[in-house]
Amino acid sequence: ASQSSFHPTLPQKRMVELMGNRLDLASQVAWVKFRDTLPVYDPKREAELLAGLVSKGEARGVPPLQVEAFMKAQMAASRAIQKTLIRSWSRGGTLPAYPPFDLKRDIRPKLDAISDEMIVLLPAVGQSPAFASYAAAELSHRGYRRVATLATAPLR
Ligand SMILES: C=C(O[C@@H]1C=C(C(=O)O)C=C[C@H]1O)C(=O)O
């Protein structure tokens with residue numbers, strides 16, 4: 001089918017892997033927020049993360065608008081996953097078997113490292129409907145079908 005006829009470059013493969021890894025962390029974020037009844041949306045954290053990434057991107061010649069569009073989509077996808085999980089746990093769904101990790105000390109540094117690498121890769125992956133469709137199919141395969149279109153829209 002059309003998915004299998006697309007041959008990603010190494011940077012494109014890595015970018016899709018990072019997008020999935022970033023979404024994998026959303027469940028850890030959701031778990032600590034559910035336990036501590038913290039809001040999913042943290043505009044201060046998003047603004048700080050974005051500002052840092054825009055500067056990193058500018059130092060490498062990546063247009064701020066491209067950094068912003070891509071990262072806002074990744075953050076929106078993470079929030080959507082968190083909300084779904086928290087809704088399910090609020091309704092009696094099975095809680096994770098592990099104790100929540102520390103958001104600031106343990107989880108956000110991992111999100112930062114992934115986001116940094118994403119911005120470095122962004123110029124190399126380019127934008128095309130074929131790549132966006134490939135990325136969406138891969139994320140769906142990793143269990144993120146519900147946010148796949150949202151997360152990959154800026155790659156089109
Ligand atoms: C992941 C988090 O949840 C939300 C999503 C963010 C992100 O994807 O980086 C940042 C802040 C929150 O609005 C978080 O709080 O760290």
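**Figure 1. Burial and overall fold of the predicted protein model.** Buried residues, meaning those with 20 or more other C-beta atoms within 10 Å of their own (12 or fewer makes a residue exposed, anything in between partly exposed, and C-beta atoms are placed from the backbone), make up 26% of the 156 residues in the protein. The model is predicted, and local features need pLDDT of at least 70, side-chain atom pairs count only at pLDDT 80 or more, while totals for chains, interfaces and linings use all residues. Residues are numbered from 1 along each chain as its sequence is written. The secondary structure comes to 5 helices and 0 strands, where helices (H or I, at least four residues) and strands (E, at least two) are DSSP runs numbered from the N terminus, and the order of elements from the N terminus on is α-α-α-α-α. The C-alpha trace spans about 40 × 40 × 20 Å along its principal axes. The radius of gyration of 16 Å agrees with a compact globule, because 156 residues packed in that way would have a value near 15 Å; this radius is taken over C-alpha atoms, and the globule rule is 2.2 Å times the number of residues to the power 0.38. Of the contacts (C-beta atoms, placed from the backbone, within 7 Å) between residues at least 6 apart in sequence, 81% join residues at least 24 apart.

**Figure 2. The shell of residues around the ligand.** Residues whose C-beta atom, placed from the backbone, lies within 6 Å of the ligand are counted as near it, and they are V29, Y41, D42, R45, E46, L49, Q74, M75, S78, R79, R108 and L111. Helices α2 (43–59), α3 (64–90) and α4 (103–125) each supply at least two residues of this shell, with α3 giving the most, 4 residues. By class, the shell has 5 nonpolar, 2 polar and 5 charged residues, where Ala, Val, Leu, Ile, Met, Phe, Trp, Tyr, Cys and Pro count as nonpolar, Asp, Glu, Lys and Arg as charged, and the others, Gly among them, as polar.

**Figure 3. The bent helix α4 and the glycine that follows.** Helix α4 bends by about 30 degrees at I119, with a proline, P123, following within four residues; the bend is the angle between axes fitted to the seven residues ending at a position and the seven starting there. Buried in α4 are L111, S115, M118, I119, L122 and V125, and the buried residues of this helix pack against α1, α2, α3 and α5. Just after α4, G126 takes a positive phi of about 65 degrees.

**Figure 4. The sharp bend in helix α5.** Although α5 (residues 129–152) has 24 residues, its end C-alpha atoms are only 10 Å apart, short of the 34 Å that a straight helix would reach at 1.5 Å a residue, the expected span being 1.5 Å times one less than the number of residues. The helix bends by about 145 degrees at Y144, which is one of its buried residues, a list also including F131, L139 and V147. The buried residues of α5 pack against α1 (10–35), α3 and α4. H141 also lies in α5, but counts as exposed because it has 12 C-beta neighbours inside 10 Å. The C-alpha atoms of H141 and G20, 121 residues apart along the chain, are separated by 9.9 Å.

Definitions and conventions
Two residues are in contact if their C-beta atoms, placed from the backbone, lie within 7 Å.
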